[in-house]
Amino acid sequence: MQKPTHWIEHQNQHSTHKLAVLHQGDQTPGLFWLGGFMSNMCGGKAIAMAALAQELGLASTRFDYAAHGQSSGDFRDQTISSWLADAVAVYQRFADGPQILVGSSMGAWIALLLNRYLLEHGHPPAKALVLIAPGVDFTKRLLPQRFAPEDFAKLDRDGELRRESRYGDGPYIYTKKLVEDGNANSLLDAPLKTGAPVHIIHGGEDPDVPLSHAQEIYRHFLHDDARFTLVPDGDHRLSRPEDLALLQSIIRSFASE
């Protein structure tokens, strides 16, 4: 696992912690990574993004949310809002000039929320958004498909649910606070307007984010140049060599525009 190049002491809504950041280069457009739920900045897709940035002579920024990877913090204290606050803090510190936001799974949701934050605070939007297996609004749209009524009763009673991960990086912890905050940050109740081109990459064999959900997200982009690439035999992680080559090709096309 690569060691961070920087640490940020950060206080979000729920905790004070140190964020681990890997920032390299200084040329724009920068590539800005937003990872998924329980993932870290040293996974295959994040490394592929950083390698492409180095090849093109561009800046790249990766970081671990609070209670992820090498960052500190208690996972039970965190929410979508708090991880968004982490992303904003890293972006404000390291994003100099136009940025291509690359978000995977939950990170696609955070990427859209970060872009909305930029617009709401008078900043230029992202140069582009690349959304991989987008788990946008997963607390509201996907968890009800995954959990039985008795699971939600337990969540309400105990304040959390634990589930083993199919990827061997669990157990995953879903807190009542996370679900309620996620639902308050839902984006799919209205059309999406980013002010930037968007490219969704999704695997046809994704067991975690159904293809129908990714297609629904795509249909919400009524005002942007949005594209959708289906990898018919791809899974949720989309980390095979051919998947990473596709990701790099899409990022490269945005970087050259």
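Strands are DSSP runs of E of at least two residues, numbered from the N terminus. With that convention in hand, a good place to enter this predicted model is strand β4, which covers residues 60–63 and contains Arg62. Arg62 is buried, yet no salt bridge accompanies this arginine. The nearest side chain of opposite charge belongs to Asp64, 8.3 Å away, whereas a salt bridge requires a side-chain nitrogen of Lys or Arg within 4 Å of a carboxyl oxygen of Asp or Glu. Polar partners are found instead in two other places. The side chain of Arg62 makes a polar contact of 3.1 Å with the side chain of Gln2. In addition, a polar atom of the Arg62 side chain lies 2.8 Å from the backbone oxygen of Met41.

Met41 leads on to the enclosed spaces of the model. Rolling a probe the size of a water molecule over the atoms shows where empty space is left. Two cavities of 30 Å³ or more are present in the structure. Met41 belongs to the lining of the second largest cavity, together with Trp33, Gly35, Gly36, Ser39, Asn40, Phe63, Asp64 and Tyr65. Asp64, already met as the nearest side chain of opposite charge to Arg62, is thus also part of this wall. The volume of the second largest cavity is about 40 Å³, and its lining comprises four nonpolar, four polar and one charged residues.

The largest cavity holds about 40 Å³ of space. Its lining is formed by Ile132, Ile201, Val231, Leu238, Asp243, Leu246 and Leu247. Helix α9, spanning residues 241–255, supplies the largest share of these, with three residues. By class, six of the lining residues are nonpolar, none is polar and one is charged. Asp is counted as charged and Ile, Val and Leu as nonpolar, so the charged member of this lining is Asp243.

The open spaces include a second largest pocket of about 200 Å³. Tyr91, Gln92, Ala95, Gly97, Pro98, Gln99, Leu118, His123, Pro124, Pro125 and Ala126 form its lining. Seven of these residues are nonpolar and four are polar, while charged residues are absent from the lining.

Attention now turns to charge pairing. Side chains of opposite charge can pair when their charged atoms come close. The structure holds 14 salt bridges. One of them joins the side chains of Arg76 and Glu160, at 2.8 Å from N to O. This pair links distant parts of the chain, as Arg76 sits in the loop between β4 and α2 (80–94), Glu160 sits in strand β7 (residues 160–163), and 84 residues separate the two. Arg76 is classed as partly exposed because its relative accessible area is 35%, which falls between the 20% and 50% limits.

A salt bridge within a single helix is found between Asp158 and Lys154, whose closest N and O atoms are 2.8 Å apart. Both residues lie in helix α6 (residues 149–158), and their spacing of four residues corresponds to about one turn of the helix. Asp158 has a relative accessible area of 41% and so counts as partly exposed. Lys154 is likewise partly exposed, at 34% relative accessibility.

Arg227 and Asp225 provide a further example, with their side chains meeting in a salt bridge of 3.7 Å from N to O. Here too the partners are partly exposed, with a relative accessible area of 48% for Arg227 and 44% for Asp225. Salt bridges also occur as a network, in which Lys140, Arg141, Asp189 and Glu216 are linked.

Two further pairs show residues that are separated in sequence but brought together in space. Arg116, in helix α3 (residues 106–120), has its C-alpha 6.9 Å from that of Thr194, although their positions lie 78 residues apart in the sequence count. Arg116 counts as partly exposed because its relative accessibility is 33%. Leu222 lies in the loop between α8 (211–219) and β10 (226–231). The C-alpha atoms of Leu222 and Pro191 are 6.4 Å apart, with the residues 31 apart in sequence. Leu222 has 58% relative accessibility and therefore counts as exposed, the limit for that class being over 50%.

Terms used:
Residues numbered from 1 in each chain as written. Predicted model: local features only at pLDDT ≥ 70, side-chain atom pairs only at ≥ 80, totals over all residues. Heavy atoms only, no water. 1 Å grid on protein atoms, 1.4 Å probe; cavity = no way out; pocket = protein on both sides within 12 Å on 5 of 7 lines; lining within 4 Å. Points joined across faces, edges and corners; volume = space filled by probe spheres on them. Buried < 20%, exposed > 50% of the residue type's maximum accessible area, 1.4 Å probe, protein only. Lys, Arg positive; Asp, Glu negative; His and termini not counted. Polar contact = N/O pair within 3.5 Å; in protein donor to acceptor, adjacent residues only side chain to side chain.
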